[in-house]
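Student: Please take one part of this model, the surroundings of the ligand, and describe it closely. After that, a few words on any unusual backbone angles would help me.

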Amino acid sequence: MEIYLDGEFVSENDAKISVFDHGLLYGDGIFEGIRIYNNRVFKLDEHLDRLYGGGKALLLTIPLEVSELKEVVVEAARRNKLTDGYIRLVVTRGVGDLGLNPIKCPKPSIFVIASTIKIYPDEIYNKGMKIVTVSTRRNLIEALNPRIKSLNYLNNVLATLEVNRTDAQEGLMLNADGHVTECIVDNFFLVDNGVIITAPTSAGVLKGVTRDTVMGLAREAGYEVVEQNITLHDVYVADENFLTGTAAEIAPITTVDERMIGDGKPGPVTMDLMKRFHECAQSTGAPI
Ligand code: PMP
């Protein structure tokens, strides 16, 4: 595997980051997970847009122009001969001293790993998954805005530890007000009487690239799509539930906290959106 690290492609063994990097010491950095489908990098502009937005919010100047980083990502896919796969793009604050202050970190680091991913077995996509509400609340927007895709994922790790104690495949996270936000590393949707509903970013969710793609495809197909606060009761009584994410794509949810959703099978709207999403993923993106 050839990994991009600060200006060159190196082998896996040589792809090393300093123990003084604040990405490691403080989780001070940002990242993206990006998919490759059919020899193209899917939604690359959208991922880079979010990355540079996070950099701006953190006053972390990414040391490459957008067009240069775009070429690096495509080159990483090319060099590793990937026609389908998953890319992890990480920008860290870089090397500093043992104090927290980023002012002591003159040069951010960038690395790009181009590999593959499969997080759920095929059965999940055909039959749906089981999720549970976790007690760990999603980060408060006022404390750490979840719109920044930062290297600080302990909130999500704590939630995952809770799920690991159950037989569920994923967790559903509420915000401090008790509203439904998203799954642990995926956005959450429900379908109620044909209307597709997801939490607004103001509830404290990541502005998912897949979320935006699915909302766009759904509107194009004539569905009504609404961003509004969701309660757990809304989830339980909905006709369909599904989650979206770069790694997970669209995955049906058929049980939440032991309540069967709809008739307990992946619903027609979810299946229709899955089909539309795959068509879009197979036919668009930056050519490798
Ligand atoms: N929410 C969280 C917390 C995430 O980490 C992710 C990405 N893994 C998502 C939602 C889904 O976002 P995207 O569709 O951009 O991958």
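**The shell around the ligand**

Tutor: α6 (209-220) and β13 (240-245) each contribute at least two residues to the shell around the ligand, where helices (H or I, at least four residues) and strands (E, at least two) are DSSP runs numbered from the N terminus. The model is a predicted one, in which local features need pLDDT of at least 70 and side-chain atom pairs count only at pLDDT 80 or more, while totals for chains, interfaces and linings use all residues. Residues are numbered from 1 along each chain as its sequence is written, and side-chain values use heavy atoms, with hydrogens and water left out.

Around the ligand there are 17 residues, and those that come nearest are Y153, E182, V209, T210 and T246; a residue is near when one of its heavy atoms lies within 4 Å of the molecule. By character, the shell is made up of five nonpolar, seven polar and five charged residues, with Tyr counted as nonpolar, Asp, Glu, Lys and Arg as charged, and Gly among the polar ones.

Three side chains make polar contacts with the ligand, that is, pairs of N or O atoms within 3.5 Å. R50 places a polar side-chain atom 2.9 Å from an oxygen atom of the ligand, and Y153 has a side-chain N or O atom 2.5 Å from a ligand oxygen. For E182 the partner is a nitrogen atom of the ligand, 2.7 Å from an N or O atom of the side chain. The ligand on its own would expose 390 Å², of which the protein buries 93%, by the Shrake-Rupley method with a 1.4 Å probe.

As for the backbone, most residues other than glycine have a negative phi. N38, which is not a glycine, nevertheless has a positive phi near 50°, and this residue lies in the loop between β3 (29-37) and β4 (40-41). With a relative accessible area of 37%, N38 is partly exposed, the class between buried (under 20%) and exposed (over 50%), computed with a 1.4 Å probe and protein chains only. K81 is likewise a non-glycine residue with a positive phi, of about 55°, and belongs to the loop between α3 (66-79) and β5 (85-92); K81 counts as exposed because its relative accessibility is 74%.

Terms used. A polar contact is a pair of N or O atoms within 3.5 Å; within protein, one must be able to donate a hydrogen and the other to accept it, and residues adjacent in sequence count only if both atoms are side-chain atoms.
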